[in-house]
Amino acid sequence: MNSAVGMLDADLLSDTRETPATLDAFLAQVERRAFRMAELQLRQREDAMDAVQDAMLRLVKHYRTRPATEWAPLFWGILRRRIVDLQRRRKVRSIVVGWLGGGRDDDGDELPAWEPADQGPGPLDLLHDAQSYADMTAAVRQLPQRQREAFMLRMLEGLDVAETALAMGCSEGSVKTHLSRAMHHLRDQLEDWR
């Protein structure tokens, strides 16, 4: 659910971004989005932080002399590869542990088998998700009907503007206006979940 709240970020709605003047400014700009993406894919906060940090360090170390317009594709490519590497390591580790089992020590006593960490969300994450879902549901219910329809069709169903206009029986401009107002309202209501 946190990813759905993250979708409300205005950054995710616009395709055009100003190119930052310095590499530090670029890294500050992408830090939160990169962490959200990594955490969504890795499902562990610590691994996500490591992946983002590694991607940032590699960008600075190897590509700081590149033009600013190349930083974004380079960074996202590095981060994607880092995430894939971490996912592969987890899979290999769990296969090897499954093959080896716990084994026996010198006295013949059975050694405890190492079990990989539970990859599922913890109780605090589940509570956080439930709370954010409840808050988002309440905020969406407060929207006027046309704004709620535009938001649900565009953001939750994934329809494009033309399809949404057809479904709502209005012009594409109206869809954009309704969605913009809905997003503004939801951003205000869900500021604590950013």
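How many salt bridges does the count come to? Four, and three of them appear in the points below, along with the helices and the nonpolar cores.

1. **How far to trust the model.** Please keep in mind that this is a predicted model. The mean pLDDT of the protein is 79, and 77% of the residues reach 70 or more. Confidence is lowest in helix H2 (residues 10-13), where the mean is 42, and highest in helix H9 (residues 172-189), where the mean is 93. Over residues 1-16 the pLDDT is below 50, although this stretch still has 36 contacts in the model beyond near neighbours in sequence. I would read that part with care.

2. **The overall build.** The protein has nine helices and zero strands. Of its 194 residues, 29% count as buried. Among contacts with a separation of 6 or more, 59% join residues 24 or more positions apart.

3. **The larger picture inside.** Which residues have the most contacts inside the largest nonpolar core? They are Phe26, Val52, Leu59, Phe75 and Leu79, in a core of 21 residues. Helices H3 (23-42), H4 and H5 are the elements that give two or more residues to this core, and H3 gives the most, with eight. Phe26 is a good residue to click on: leaving aside its neighbours within four places in sequence, Phe26 is in contact with Pro20, Leu59, Trp71, Ala72 and Phe75. A second, separate core has 16 residues, including Ala139, Ala165, Ala182 and Leu186. As background, nonpolar side chains tend to be buried together in soluble globular proteins.

4. **Helix H9 and its buried side.** H9 has 18 residues and reaches 26 Å from its first C-alpha to its last, close to the 26 Å expected at 1.5 Å a residue. Its buried residues are Val175, His178, Leu179, Ala182, Met183, Leu186 and Arg187. Why do they lie on the same side of H9? Because they cover an arc of only 160 degrees around the axis. The general pattern helps here: an α-helix has 3.6 residues a turn, so residues three or four places apart point the same way. Two of these buried residues, Ala182 and Leu186, are also in the second core.

5. **A salt bridge between two helices.** Side chains of opposite charge can pair when their charged atoms come close. Arg82 and Asp54 form a salt bridge, with their closest N and O atoms 2.7 Å apart. This pair links distant parts of the chain, as Arg82 is in helix H5 (residues 68-100) and Asp54 in helix H4 (residues 45-63), 28 residues apart. Is Arg82 buried or exposed? Arg82 is buried, because its relative accessible area is 11%, and buried means under 20%.

6. **A salt bridge within one helix.** Arg146 pairs with Glu149, and here the closest N and O atoms are 3.3 Å apart. Both residues lie in helix H7 (residues 145-156), three residues apart, which is about one turn of the helix. Arg146 counts as partly exposed at 32% relative accessibility, and Glu149 is partly exposed too, with a relative accessible area of 24%.

7. **One more pair to look up.** Glu70 and Arg66 also meet in a salt bridge through their side chains, at 3.0 Å from N to O. Glu70 is partly exposed, with a relative accessible area of 29%, and Arg66 counts as partly exposed at 38%.

Methods: Residues are numbered from 1 along each chain as its sequence is written. This is a predicted model: local features need pLDDT of at least 70, side-chain atom pairs count only at pLDDT 80 or more; totals for chains, interfaces and linings use all residues. Side-chain values use heavy atoms; hydrogens and water are left out. pLDDT is the predictor's confidence in each residue, from 0 to 100. Helices (H or I, at least four residues) and strands (E, at least two) are DSSP runs, numbered from the N terminus. Contact means heavy atoms within 4.5 Å. The expected span of a helix is 1.5 Å times one less than its number of residues. Buried means under 20% relative accessible area, exposed over 50%, partly exposed in between (1.4 Å probe, protein chains only). The arc is that of the directions from the helix axis to the C-beta atoms. A nonpolar core is a set of buried Ala, Val, Leu, Ile, Met, Phe, Trp, Tyr and Cys residues joined through side-chain atoms within 4.5 Å.
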